[in-house]
Amino acid sequence: MQIELKNLVRTYETVHAVQDVSLSIPSNRIFGIIGLSGAGKSTLVRLVSLLEKPDSGEVFYDGQRVDDLPEKEIINRRRHIGMIFQNFNLFSSRTAGRNIAYPMEICRYPKEKIKARVAELLELVGLADRADAPISTLSGGQKQRIAIARALACEPDILFCDEATSALDPKTTQQILALIKDIQKKMNLTVVMITHQMEVVRDACDYVAVLSEGRVVEQGTVKDIFANPKTNVTREFMSHLTTNTQSVREDGVVIWSDVPAHYTLRFLNDRVETPVISDIIREFDVVFNISGAGIQKVGDTKMGTMVCDITGSPEAVNAALDAIRERGVTVEYEEVEK
Ligand code: ADP
C-alpha cells in the first residue's frame, strides 16, 4: 500500500502541530518518521491512519483519496490498519491469546477461524506456548510481541508503530525491530515507524522523514540521510547515536567493513596522535584499506587499534611494514578468508 500525503495541516487552537506536510511513503517498505517530543509525530500518525481529519490537505492510499471518505468507509478502511504503541495498550483482563482474538471478534470472524489465526500469530511472534498467559506475567518484549500479533490479526496492509520500542531495553529493542522487519517482508506490509531514536531508523528503516516543529525538514533513504545529513536537526539526532553493538568487538574496535582484513596495527601513547599512516603512504607505494578502528585507555595511556589491509608490491608492503614497526607501532598479521 503506497501512502501519499499532500499539504497536511492540523492546528489545535494556537498550536500548529502539523504544518503543510507532504510525503510519499512507498509500498512494502519501512518508513521512519523521526522527531523530538512535540514535533508533531503523533498528530501526523493520527491523520495518516484516519483517526483524525486534517484541517486541510489530503491523504491517498494507493492513489485513492481516503481522508474525506464517509465515516462508515473510514471505519472499514481502518480495520486494515494495524497499530502498536509504546505502552502496548493490551487488555490486562484478557490472556495473551484473547488479546490477539479481540480485533477478530470485533470483525465477527467465525470462532474456528479466530482460534486457528491466534495460534498462527502466536507462532509468528515466537510465543506459541503463551496463549493462556495473563498479560501481567509477560515481559515488556513479550507484551510488544502480543501487541504485534494483535495488530496483524485482521490482515492489515499498513502497520503503524508509534514509539514501539521506546519502553524496551536495547537488546529487546533489537529483537522487536528484527521481528517487525521479518513480518514486513512476510506480509508485504507498508510499515510507518514513529520514533525519537535514530538507532531505530538506522537499524530498521529504509526511508526516513525528519519532522521538526510540524514540518518535514529532510527526507530520503536512510543511507543517503546518514551519509549526508543536511539539517542541524538531523545532525543533532545523529550525534546521540550509540554505536551499533553488533559491530563493536570486545576490545572496543569498531568494525565497519564485512570484508576481513589481514593487519592489526596497535599505536601506543603519543603515536595515537602522530600521522604514521600519512607518512607511510607518502614514503612508500602502498594503499591502506581500513576496515575498523578504535581507541582504548590502558591505565594512564591511550592505545589506538586499526584493522586494515595494506596493498602494493610485496617489496613495497614489506618496506612499509618495517617502517611502521620502526615508528613503534605493533603489527599483527592474520590469515583471513576473503
Ligand atoms: P509528538 O508526537 O512529536 O511528541 P504531538 O503530535 O503529540 O508531537 O504534538 C505536537 C504539538 O501539538 C504539541 O505542541 C502538542 O502539545 C500539540 N497537540 C497534540 N495533540 C493535541 C490535542 N489533541 N490538543 C491540543 N494540542 C495538541
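This report covers the overall form of a predicted model and the surroundings of its ligand.

## Overall form

The chain has 338 residues, and its radius of gyration is 26 Å, against a value near 20 Å for a compact globule of that many residues. Along the principal axes, the C-alpha atoms occupy a box of roughly 80 × 50 × 40 Å. The secondary structure consists of 11 helices and 15 strands.

Buried residues make up 46% of the 338. The chain has an accessible surface of about 17600 Å², and carbon and sulfur atoms account for 50% of that area. Of the contacts between residues at least 6 apart in sequence, 68% link residues at least 24 apart.

## The shell around the ligand

Residues surrounding the ligand include Tyr 12, Val 15, Ala 17 and Leu 36, together with Ser 37, Gly 38, Ala 39, Gly 40, Lys 41, Ser 42, Thr 43 and Arg 46. By class, five of the shell residues are nonpolar, five are polar and two are charged.

Two elements, β2 (15-25) and α1 (41-48), each contribute at least two residues to this shell. The largest contribution is from α1, with four residues.

## Polar contacts and burial of the ligand

Oxygen atoms of the ligand have polar partners in Gly 38 and Ser 42. For Gly 38 the partner is a polar backbone atom, at 2.6 Å. For Ser 42 the partner is a polar side-chain atom, at 2.7 Å. A nitrogen atom of the ligand lies 3.3 Å from an N or O atom in the side chain of Arg 46. The ligand taken alone exposes 560 Å², and the protein buries 60% of this area.

Definitions and conventions
Residues numbered from 1 in each chain as written. Predicted model: local features only at pLDDT ≥ 70, side-chain atom pairs only at ≥ 80, totals over all residues. Heavy atoms only, no water. Near = heavy atom within 4 Å. Polar contact = N/O pair within 3.5 Å; in protein donor to acceptor, adjacent residues only side chain to side chain. Areas by Shrake-Rupley, 256 points an atom, 1.4 Å probe, with all protein chains shown as cover. Nonpolar A, V, L, I, M, F, W, Y, C, P; charged D, E, K, R; others polar. Rg over C-alpha atoms; globule rule 2.2 N^0.38 Å. Buried < 20%, exposed > 50% of the residue type's maximum accessible area, 1.4 Å probe, protein only. Contact = heavy atoms within 4.5 Å.
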